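Student: I have not met this structure before. Could we go through it step by step, please?

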Amino acid sequence: MKIVLVGFMGAGKTRLAPLLAQKLRLHHVEMDDMILSRSGKQTITQIFENEGEAYFRKLETEVAGKLVDSDDVVIATGGGIIDSELNIQHLKKGGGKIVYLESSFERLRERVTLDTSRPLFRNPKTARRLFEQRCPRYEKIADYKISSDRKTPEELCSAISKLVATK
Ligand code: S3P
């Protein structure tokens with residue numbers, strides 16, 4: 001089984017992945033961590049600031065390629081994973097199921113407001129535009145969609161476990 005969590009920054013992918021993996025007895029991987037270790041930088045912000053977003057996206061696609069044959073895994077992606085069709089092809093290969101953690105922009109904003117680790121969420125106006133561009137794409141590629149606004153990570157975990165078991 002390969003479960004791929006997608007959604008905008010602040011949707012809770014990183015927090016959920018290890019919990020879901022534990023519940024389903026799978027491994028979990030955090031794509032941003034894999035990107036960081038390939039980059040030799042300390043933070044995602046450093047990659048964006050020193051090398052530029054295009055370089056970050058290149059590493060992101062390389063990492064998605066590394067995960068083509070992964071199995072028994074829950075993958076937490078970064079919010080921009082859907083900007084490349086190739087990324088999605090890589091992650092869907094081998095039966096990867098895409099779970100979209102949907103959230104309102106207001107809720108996402110509350111969650112990431114005090115967090116400086118996301119270069120693309122520094123300006124709320126730009127972030128909202130990005131959110132509006134990306135939402136239809138998350139919808140389109142998702143096998144399952146679940147609202148994360150009013151659920152605890154544990155509730156989300158149970159709901160997703162049921163979803164993936166029934167289809
Ligand atoms: C990004 C989301 C981030 C990280 C990078 C770019 C994006 O991950 O990959 O800052 O383009 O939305 P999270 O979604 O885990 O914050």
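The questions below concern the ligand site, two loop residues and several helix residues of this predicted model.

Student: In which pocket does the ligand sit, and how many residues surround the ligand?

Tutor: The ligand sits in the largest pocket. Among the residues around the ligand, the closest are Lys13, Asp32, Arg57, Arg118 and Arg134. The number of residues that surround the ligand is 13.

Student: How do the residues of the shell around the ligand divide into nonpolar, polar and charged?

Tutor: Glycine counts among the polar residues in this division. The shell around the ligand holds 3 polar residues. The other two groups are 5 nonpolar and 5 charged residues.

Student: What is the distance from an oxygen atom of the ligand to an N or O atom in the side chain of arginine 57?

Tutor: A polar contact needs a pair of N or O atoms within 3.5 Å. For the side chain of arginine 57, the distance to a ligand oxygen atom is 2.6 Å.

Student: Which residue places a backbone N or O atom 2.8 Å from an oxygen atom of the ligand?

Tutor: In the case of arginine 134, a side-chain N or O atom lies 2.7 Å from an oxygen atom of the ligand. The 2.8 Å distance instead involves a backbone N or O atom, and the residue is glycine 79.

Student: What percentage of the area that the ligand exposes when taken alone does the protein bury?

Tutor: Taken alone, the ligand exposes 390 Å². Of that area, the protein buries 96%.

Student: Is arginine 25 buried or exposed, and what is its phi?

Tutor: Arginine 25 belongs to the loop between helix H1 (13–24) and strand S2 (27–30). Because exposed means over 50% relative accessible area, arginine 25 at 78% is exposed. Most residues other than glycine have a negative phi. Arginine 25 is not a glycine, yet its phi is positive, at about 55°.

Student: Where is aspartate 72 found, and what does its relative accessibility make it count as?

Tutor: Aspartate 72 is found in the loop between helix H4 (53–66) and strand S3 (73–76). This residue also has a positive phi of about 55°, although it is not a glycine. Its relative accessibility is 38%, so aspartate 72 counts as partly exposed.

Student: Is asparagine 87 buried or exposed, and what separates its C-alpha atom from that of glutamate 60?

Tutor: Asparagine 87 has its place in helix H5 (residues 85–92). Its relative accessible area is 1%, and therefore asparagine 87 is buried. Asparagine 87 and glutamate 60 are 27 residues apart along the chain, and their C-alpha atoms are separated by 8.0 Å.

Student: In which helix is leucine 16, and how many Å apart are leucine 16 and arginine 150 in space?

Tutor: Leucine 16 lies in helix H1. With 1% relative accessibility, leucine 16 counts as buried. Leucine 16 and arginine 150 are 134 residues apart in sequence, and their C-alpha to C-alpha distance is 14 Å.

Student: Does cysteine 135 count as buried or exposed?

Tutor: Cysteine 135 is part of helix H7 (residues 124–141). Buried means under 20% relative accessible area. Cysteine 135 has 15% relative accessibility, so it counts as buried.

Key:
Residues are numbered from 1 along each chain as its sequence is written. This is a predicted model: local features need pLDDT of at least 70, side-chain atom pairs count only at pLDDT 80 or more; totals for chains, interfaces and linings use all residues. Side-chain values use heavy atoms; hydrogens and water are left out. A residue is near a molecule or strand if one of its heavy atoms lies within 4 Å of it. A polar contact is a pair of N or O atoms within 3.5 Å; within protein, one must be able to donate a hydrogen and the other to accept it, and residues adjacent in sequence count only if both atoms are side-chain atoms. Accessible areas come from the Shrake-Rupley method with a 1.4 Å probe; for residues, only the protein chains shown count as cover. On a 1 Å grid over the protein atoms alone, a cavity is a set of points where a 1.4 Å probe fits but cannot get out, and a pocket is an open set with protein on both sides within 12 Å along at least five of seven lines; lining residues have an atom within 4 Å of a point. A molecule sits in a cavity or pocket if more than half of its atoms lie within 2 Å of its grid points. Helices (H or I, at least four residues) and strands (E, at least two) are DSSP runs, numbered from the N terminus. Buried means under 20% relative accessible area, exposed over 50%, partly exposed in between (1.4 Å probe, protein chains only).
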